[in-house]
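Reader: Hi! I'm new to reading protein structures, and I'd like a close look at one part of this one. Could you walk me through it slowly?

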Amino acid sequence: IDYWTLPALEYIGAGAWGINTMWLTQTMDNPTLANNRSMLAALKLFDFNIWNPYCMQQLVAKFRETENKFGIAEDDSRFLGYWQKENNPAVSGLPVFVKSSFFVRPGKGALVYISNLNKAKQSVEVKFDFSRWNLNNFKVTDAETGQEIKSDGNTVSLEIEGHDFHCLLVK
């Protein structure tokens, strides 16, 4: 995240090319969970297809499996980046260095990535409104752990470590 700044990633991946962009990870002499999660925190905001020979392949594969199980390649699935207007009312309440992008399948669910691009841990109150896609009365689950996240109506509280993210399933 420190090297590939948000404006640089936006230039490459914010939908301007009209295709799903492939990202070749850089050689990491010592790939750690922290630096791999930092990479994913940034790249998942743009729906980059990650070619993973130089990273923790099992970590990348875990999220690819989650996305495939959700059905991101289905005809009714749509990706909405944090920069798109339709995203603003759907996921709100985030501080400036916390961004969210998501896949949505109308009437079926949403797979939401919430990334903290700041080095410091962030406490966030995330407000969801997926009514535009016929998602009301939903529950929120941490897609990594399978644990339900308690909500106050359509609001969930999250702690996000610096340069890290959460992947949430809304159904």
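Which side chain does Glu86 meet in a salt bridge? I'd also love to hear how that fits in with the rest of the protein.

Author: Happy to! One thing to keep in mind from the start is that this is a predicted model.

The side chain of Glu86 meets that of Arg78 in a salt bridge, with 2.9 Å from N to O. So how covered up are the two partners? Buried means under 20% relative accessible area, and Glu86 has 19%, so Glu86 counts as buried. Arg78, at 35% relative accessibility, counts as partly exposed.

That's one salt bridge, but a search of the whole structure finds 9 of them. Let's visit a few others, starting with Lys44 and Glu67. Their side chains meet at 2.9 Å, N to O. Lys44 lies in the loop between α2 (33-43) and β2 (49-51), while Glu67 belongs to helix α3 (residues 57-70), so this salt bridge ties together parts that are 23 residues apart in sequence. Here both partners are tucked away: Lys44 is buried at a relative accessible area of 6%, and Glu67 is buried too, at 7%.

Next up is the pair made by Arg105 and Asp76, whose side chains form a salt bridge at 2.8 Å from N to O. This pair links distant parts of the chain, 29 residues apart: Arg105 is in strand β5 (residues 98-105), and Asp76 is in the loop between α3 and β3 (78-80). Arg105 is buried, with a relative accessible area of 12%. Asp76, on the other hand, is partly exposed at 26%.

Salt bridges can also join up into something bigger than a pair. Arg37, Lys62, Glu144 and Asp164 are linked in a network of them. Take a moment to find Arg37 in the picture, as there's something else to see there: its charged end sits over the ring of Phe165, 4.5 Å from the ring's centre.

While we're on rings, let's look at how they pair with one another. The whole structure has 13 aromatic pairs. One of them is Phe130 with Phe138: the ring centres are 6.3 Å apart and the planes are at 75 degrees, so this pair is edge-to-face. Phe130 is buried, with a relative accessible area of 0%, and Phe138 is buried as well, at 13%. These two belong to a cluster, in which ring pairs link Phe102, Phe128, Phe130, Trp133 and Phe138.

Now slide along to Asn134, which is in the loop between β7 (122-128) and β8 (140-142). Asn134 has a phi near 60 degrees, and that is a positive value in a residue other than glycine. Asn137 is found in the loop between β7 and β8 too, and Asn137 also has a positive phi, about 45 degrees, although it isn't a glycine. Both of these are out in the open: Asn134 counts as exposed at 58% relative accessibility, and Asn137 counts as exposed at 81%.

For a contrast, go back into strand β7 and pick out Val126. Val126 is buried, with a relative accessible area of 0%. What does Val126 touch? Leaving out residues up to four places away in sequence, Val126 is in contact with Val91, Ser92, Leu94, Ile114, Asn154, Thr155, Val156 and Leu158. You can also try a distance here: the C-alpha atoms of Val126 and Ala90 are 9.9 Å apart, and their positions lie 36 residues apart along the chain.

Finally, let's zoom out to the whole protein. Its secondary structure comes to 4 helices and 12 strands. Of its 171 residues, 46% are buried. If you take the contacts between residues at least 6 apart in sequence, 68% of them join residues at least 24 apart. The Arg105 and Asp76 pair we visited, 29 residues apart, is a nice one to trace with that in mind. As for the outside, the accessible surface comes to about 9,200 Å², and carbon and sulfur atoms account for 50% of it.

So, back to where you began: with Glu86 at 19% and Arg78 at 35%, your salt bridge brings together a buried partner and a partly exposed one.

Methods:
Residues numbered from 1 in each chain as written. Predicted model: local features only at pLDDT ≥ 70, side-chain atom pairs only at ≥ 80, totals over all residues. Heavy atoms only, no water. Salt bridge = Lys/Arg side-chain N within 4 Å of Asp/Glu carboxyl O. Helix = DSSP H or I, 4+ residues; strand = E, 2+ residues; numbered from the N terminus. Buried < 20%, exposed > 50% of the residue type's maximum accessible area, 1.4 Å probe, protein only. Contact = heavy atoms within 4.5 Å. Areas by Shrake-Rupley, 256 points an atom, 1.4 Å probe, with all protein chains shown as cover. Phe/Tyr/Trp six-rings, centres within 6.5 Å; stacked < 30°, edge-to-face > 60°. Lys NZ or Arg CZ within 6 Å of the ring centre and 35° of its normal.
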